[in-house]
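Welcome, and thanks for opening your viewer. Please load the model below, and we will walk through it one selection at a time.

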Amino acid sequence: MSEVVVMEHPLIKHKIGLVRNVETGSKDFRELISEVAMLMCYEATRDLKLQDITIDTPICETVVQQLRGKKLAIVPILRAGLGMVDGMLAMIPAAKVGHIGLYRDEKTHEPIEYYCKLPEDIPEREIFLVDPMLATGGSASAAVTLLKRRGAKNIRFMCIIAAPEGLARLQQEHPDVKIYIGVLDKYLNENKYIVPGLGDAGDRIFGTK
């Protein structure tokens, strides 16, 4: 079964409360999503491997620690996942960025792929797959499957808000993927929206509704 980490940091909880508010406009919403992603990235990278290297400071030679390999990739699920990229790049600026495009069929609520562009060396990279919402779990699971077909082996999924139904599906279909969640909500309503949720993350990020 997948390892699941639900964030407990006070700043993350505070900012998620702000993004839930229907009165929060697109500009503030975008900034808050980016800030939450940055804070979550800090927590989700705690177990990255380090190595010792020798450098010269202005005073003397010393041994410092740096990330081993530095092969990281951020892969947002379009389009809402784009809102998390800048915040994560602020923490890990050397990471490469791929993109996976999926949309949800209005009748079946299942994901349909329309775009995929990944770094050529994706099999060698530690991948952070990001999407603000984990609702039915269909898009996240399909994106993980797509990554695995292209040789990806080390995948972490990050979302800001998750429904129990989506979490259960992702765990069942991809038990090897570590999952990081800002907050776990109550359930999905009849329209497959997370309750209490925050509405449509893509529309609120880009001001399209």
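**The whole chain**

Start with the full protein chain in view, and keep in mind that this is a predicted model. With 209 residues, a compact globule would have a radius of gyration near 17 Å, and the 18 Å of the protein chain agrees with that. Turn the C-alpha trace along its principal axes and you will find spans of about 65 × 40 × 30 Å. Now switch to a cartoon: the protein chain has 6 helices and 13 strands.

Next, colour by accessibility. Buried residues account for 46% of the 209 in the protein chain. If you draw a surface, the protein chain exposes about 10900 Å², and 52% of that comes from carbon and sulfur atoms. A contact map is worth a look too: of the contacts in the protein chain with a separation of 6 or more, 63% are between residues 24 or more positions apart. For the charges, select the 27 positive and 28 negative ones in the protein chain; their mean positions lie 2 Å apart.

**Stop one: helix α3**

Select α3, residues 82–91. Which residues of α3 are buried? They are G83, M84, V85, G87 and M88. Now show the surroundings: the cover over the buried residues of α3 includes the helices α2 (26–44) and α6, along with the strands β4, β5 (96–97), β8 (126–130) and β10 (154–162).

**Stop two: two cis peptide bonds**

Step back to the loop between β4 (72–78) and α3, where R79 lies. Check the backbone here: L78 and R79 are joined by a cis peptide bond, with omega at about 0 degrees.

Then jump to the loop between β13 (194–195) and α6 (201–206), and pick out P196. The bond between V195 and P196 is another cis peptide, again with omega at about 0 degrees.

**Stop three: K192**

Select K192, in the loop between β12 (187–188) and β13. What is the sign of phi at K192? The value is positive, near 65 degrees, in a residue other than glycine. K192 has a relative accessible area of 32%, so this residue is partly exposed.

**Stop four: a pair of tyrosine rings**

How many aromatic pairs does a search of the whole structure find? The search finds 1. To see it, show the side chains of Y103 and Y114: their ring centres are 6.2 Å apart and the planes meet at 40 degrees, so the pair is tilted. Y103 sits in strand β6 (residues 99–104) and Y114 in strand β7 (residues 111–117), so the pair ties together parts 11 residues apart in sequence.

Are these rings' residues in the open? Y103 is partly exposed at 44% relative accessibility, and Y114 is partly exposed as well, with a relative accessible area of 46%.

**Stop five: S141**

Finish at S141, in helix α4 (residues 138–149). Is S141 buried or exposed? Its relative accessible area is 3%; since buried means under 20%, S141 counts as buried. To see what surrounds S141, leave aside the neighbours within four places in sequence and select its contacts: L170, E173 and H174.

How values were computed:
Residues are numbered from 1 along each chain as its sequence is written. This is a predicted model: local features need pLDDT of at least 70, side-chain atom pairs count only at pLDDT 80 or more; totals for chains, interfaces and linings use all residues. Side-chain values use heavy atoms; hydrogens and water are left out. Helices (H or I, at least four residues) and strands (E, at least two) are DSSP runs, numbered from the N terminus. The radius of gyration is taken over C-alpha atoms; the globule rule is 2.2 Å times the number of residues to the power 0.38. Buried means under 20% relative accessible area, exposed over 50%, partly exposed in between (1.4 Å probe, protein chains only). Contact means heavy atoms within 4.5 Å. Accessible areas come from the Shrake-Rupley method with a 1.4 Å probe; for residues, only the protein chains shown count as cover. Lys and Arg count as positive and Asp and Glu as negative; His and the chain ends are not counted. The place of a charge is taken as NZ of Lys, CZ of Arg, CG of Asp or CD of Glu. Rings of Phe, Tyr and Trp (its six-membered ring) pair if their centres lie within 6.5 Å; planes under 30 degrees apart count as stacked, over 60 as edge-to-face and the rest as tilted.
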